Each structure stands twice: as structure tokens, then as C-alpha cells.
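Visitor: Could you take me on a close look at one part of this structure? I'd like to hear about the largest pocket and the strands around there.

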Amino acid sequence: MQSDRAETTDAARLADLVNSAYRGVGGSLGWTHEAELLSGSRAAPDDIAALIESETTTVLVRWDPEDRTRALGCVAVEMDGAGHCTISMLAVAPDGQAKGLGRAALSDAEAFAAEMGAGIAKITVVRQRESLIAWYERRGYRRVGVENFPYGDDSVGVPLREDLGFIVLEKPLQRR
């Protein structure tokens with residue numbers, strides 16, 4: 001695994017990374033952004049600090065090898081205690097997308113979860129993001145259901161459409 005466990009002191013840098021990857025904050029839009037679907041912040045430093053401090057969630061981060069203060073990618077892994085995990089907040093800096101870093105971070109998250117005892121990984125993706133859903137499917141995830149979008153929950157941003165929802169994907173994991 002090439003990712004490190006994030007520390008609470010990393011929260012602000014990771015919030016910047018997540019917001020740039022998901023919302024194009026800073027002017028650069030990578031292929032995975034959702035700026036046409038949601039506006040506002042995707043993650044606040046306090047929210048990421050809470051994830052890092054959680055007993056059930058681990059945030060993994062990949063740092064720039066030439067500048068260990070620059071986060072290139074991150075991902076959160078939440079263990080549910082029943083052999084399942086939820087992988088979320090997979091983010092890669094827009095200037096680093098389409099270079100294999102997202103695939104590597106996802107692989108690190110899956111390996112970490114398997115080592116922690118998870119046999120199934122779950123991911124939810126906004127249903128309008130078909131290219132991202134297809135990306136997960138190419139990595140072995142399969143559609144298993146849908147979930148409603150949490151309208152009114154400011155922690156996910158401000159919806160720009162009234163037809164948002166989530167596709168739920170799962171993948172069996174194996175220890176390496």
C-alpha cells in the first residue's frame with residue numbers, strides 16, 4: 001500500500017483536495033467533478049478531521065513524493081463491523097487525474113479494508129455521473145441498488161437539480 005493514514009493536521013489540505021476534485025474549486029475541472037450537479041463545499045476541514053478521528057473510518061492519503069505537504073489523492077474507508085466497508089471521498093487533484101492515481105488509491109483502500117476483515121466494499125455514486133460509475137464497474141464493482149439523495153443536508157453541497165440520486169455499487173474483496 002502506497003497511501004498513508006491521514007492525521008488530523010492534514011484535514012485542511014484534504015478538504016482543499018476534495019473540494020477541487022469534486023467541485024473544481026481553484027478553477028481546474030478534472031473528469032470526475034460534479035460541478036454541474038452540486039455547488040458549495042463538498043467537505044469542510046472539520047468534517048474531514050472528524051472522519052480522521054473516527055474509530056470506524058480511516059482516511060488514506062497519497063502525498064506528492066517531491067512535496068510531502070501536497071496531497072495528490074485521498075480516500076475514506078469506513079468499516080461497519082459486519083465484514084463490509086464503505087469506500088467514499090475518493091479524490092484526486094484535477095491536474096493528476098487520468099494518470100492512474102485514482103485506481104491506485106482505490107486499490108489501497110480495498111487492500112486496507114480486506115486486511116481489516118471486510119469481504120464486501122460498497123460505494124455510492126451520484127447516478128448522473130455515468131462515466132464515473134462505468135469507471136468503478138471496470139474495477140469490478142456491480143450495481144446493487146439505489147439510494148435517495150439527501151436533499152436538505154448541507155454537508156453534501158447545494159443541489160443544482162431536483163432529480164439527483166445515488167447508484168450503490170459493491171465488490172467482493174480478497175486479502176492480498
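Guide: Here is a walk through the pocket, then the strands, then one side chain. Keep in mind that this is a predicted model. The largest pocket has a volume of about 1100 Å³. Its lining takes in 46 residues, and the ones closest to the centre are Tyr-22, Arg-42, Ser-88, Met-89 and Leu-90. Quite a few elements give two or more residues to that lining: the helices α1 (11–23), α2 (45–53), α3 (101–115) and α4 (130–138), plus the strands β4 (67–79), β5 (84–92), β6 (120–126) and β7 (142–148). β5 supplies the largest share, with 7 residues. Sort the lining by residue type and you get 25 nonpolar, 11 polar and 10 charged.

Now for the strands. β5 runs antiparallel to β4, and 6 bridges join the two; one bridge pairs Gly-73 with Val-92 of β5. The two strands make a hairpin with 4 residues between them, and Gly-81 in the turn has a positive phi of about 85 degrees. On β4 there is also pairing with β3 (residues 57–64), again antiparallel, over 8 bridges. Thr-58 has Val-77 in β4 as its bridge partner, and the β3–β4 hairpin has 2 residues between its strands.

Last stop, helix α3, which is where Asp-108 sits. Asp-108 counts as buried because its relative accessible area is 6%, under the 20% cut-off. The side chain of Asp-108 makes a polar contact of 2.6 Å with the side chain of Ser-3.

How values were computed. Residues numbered from 1 in each chain as written. Predicted model: local features only at pLDDT ≥ 70, side-chain atom pairs only at ≥ 80, totals over all residues. Heavy atoms only, no water. 1 Å grid on protein atoms, 1.4 Å probe; cavity = no way out; pocket = protein on both sides within 12 Å on 5 of 7 lines; lining within 4 Å. Points joined across faces, edges and corners; volume = space filled by probe spheres on them. Nonpolar A, V, L, I, M, F, W, Y, C, P; charged D, E, K, R; others polar. Buried < 20%, exposed > 50% of the residue type's maximum accessible area, 1.4 Å probe, protein only. Polar contact = N/O pair within 3.5 Å; in protein donor to acceptor, adjacent residues only side chain to side chain. Pairing = 2+ DSSP bridges.
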